[in-house]
Number of protein chains: 2
Amino acid sequence: MNQDTQLAISIHILCLLALSEGERTTSERIAGSVNTNPVVIRRTLGRLRRAGFVHSQNGIGGGWTLARPAKEITLRALMDVIRTSPLLAMRREAPNPDCLVGSQIRPVLTGYYEKAEAALLERLGESTVADVVRDIVRAARKGRRV
Amino acid sequence: MNQDTQLAISIHILCLLALSEGERTTSERIAGSVNTNPVVIRRTLGRLRRAGFVHSQNGIGGGWTLARPAKEITLRALMDVIRTSPLLAMRREAPNPDCLVGSQIRPVLTGYYEKAEAALLERLGESTVADVVRDIVRAARKGRRV
DNA sequence: TTTCTCGTAACAGTTCACGTTACGAATAGG
DNA sequence: CCTATTCGTAACGTGAACTGTTACGAGAAA
């Protein structure tokens, strides 16, 4: 259904930056990890930069750094910045206004959908990029042991 | 982004059937309310039928009816039947396995995503088709008063 | 001045849901 | 038995949206 991978890409990028604190990471290197084109990365990072999550610098030795601690970036905050449309979608075409259900269902459903999405966002607000980084490091350790 | 309107269509259809208890409703009439093609309706209804939510009958005077009370159909149950892919998506292409983040992020993110979706589903499980029907009728009354 | 990297526009390619046509199967009525 | 109606489903076209790619200007460091 939904084919919005922007949140996944954003988290991936910020984890990389969090693990490279002190140095700048280029969009090309990030693209190598995500396995896509650097322009795709720069597009996503542009939105994160405008929202104040990352900082960029041009020229030789340039690249991207976190603009605030990974501990203070919740997955929900990323979602709020990245998301462009509701998770639970309705049809583009309006239903029949001459029908009881058709004339009323849109605003009614919107209410139910917003509550459901709020629950999801609340859960996303309980985790930060730092949590994800921690899990990644742990998973890598476990993998090596085997 | 997500462009799956199946849940919205399903709820719309079941509200119509709930309001037409005792009679059969044709896919053409439903399509008139949803404002789409009858085949689209039959496609969605086919899945709901296989899941035991509705019953269909061919021939003259045929059509669709609810197979169980609207009170006993939660929005979550519909979501479980209708949904084909996770709400929070990841990229099709796998990330770089030679990178710490790239090699671990998929299973780690899956965990976070599943918890977030579970919260959304839980909220959807608190409402039924009967609730939606009630809200629709109320909204219509209010609209007339003005 | 050169080199590197971001910033962004523009366009092609792909995927997926939706719309439409078509036709067989099942059912009711005469 | 025959006809009309409606479901059930396959097949294909259409359109929108995300992704991938090229291109090029702007800014910064050596």
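Biologist: How many residues surround DNA strand C?
Modeller: Keep in mind that this is a predicted model. The closest residues come from chains A and B: A:Ser27, A:Trp64, B:Thr5, B:Thr36 and B:Arg92. The full number surrounding DNA strand C is 29.

Biologist: Which element supplies the largest share of the surface near DNA strand C?
Modeller: Let's look at the elements that each give at least two residues: helix 3 (38-50), strand 1 (54-57) and strand 2 (63-66) of chain A, and helix 3 (38-50) of chain B. The largest share is five residues, and it comes from helix 3 of chain A.

Biologist: How do the residues of that surface divide into nonpolar, polar and charged?
Modeller: Happy to sort them for you! Seven residues are nonpolar and seven are charged. The polar residues number 15.

Biologist: What lies 2.9 Å from a polar side-chain atom of B:Gln6?
Modeller: Start with the atoms of DNA strand C within 4 Å of the protein: 63% belong to sugar or phosphate. A:Arg49 has a side-chain N or O atom 3.2 Å from a phosphate oxygen of the strand, and for a polar side-chain atom of A:Trp64 the distance to a phosphate oxygen is 3.1 Å. For B:Gln6, the partner at 2.9 Å is a phosphate oxygen of DNA strand C.

Biologist: How many disulfides does a search of the whole structure find?
Modeller: A disulfide is a covalent bond between the sulfur atoms of two cysteines, and the cut-off used here is 2.5 Å. The cysteine sulfur nearest to that of A:Cys15 belongs to B:Cys99, 10 Å away, and A:Cys15 is in no disulfide. Over all chains, the count is zero.

Biologist: Is A:Cys15 buried or exposed?
Modeller: Buried means under 20% relative accessible area. A:Cys15 has 0% relative accessibility, so A:Cys15 counts as buried.

Key
Residues numbered from 1 in each chain as written. Chains lettered and ligands numbered in written order. Predicted model: local features only at pLDDT ≥ 70, side-chain atom pairs only at ≥ 80, totals over all residues. Heavy atoms only, no water. Near = heavy atom within 4 Å. Polar contact = N/O pair within 3.5 Å; in protein donor to acceptor, adjacent residues only side chain to side chain. Helix = DSSP H or I, 4+ residues; strand = E, 2+ residues; numbered from the N terminus. Nonpolar A, V, L, I, M, F, W, Y, C, P; charged D, E, K, R; others polar. Buried < 20%, exposed > 50% of the residue type's maximum accessible area, 1.4 Å probe, protein only.
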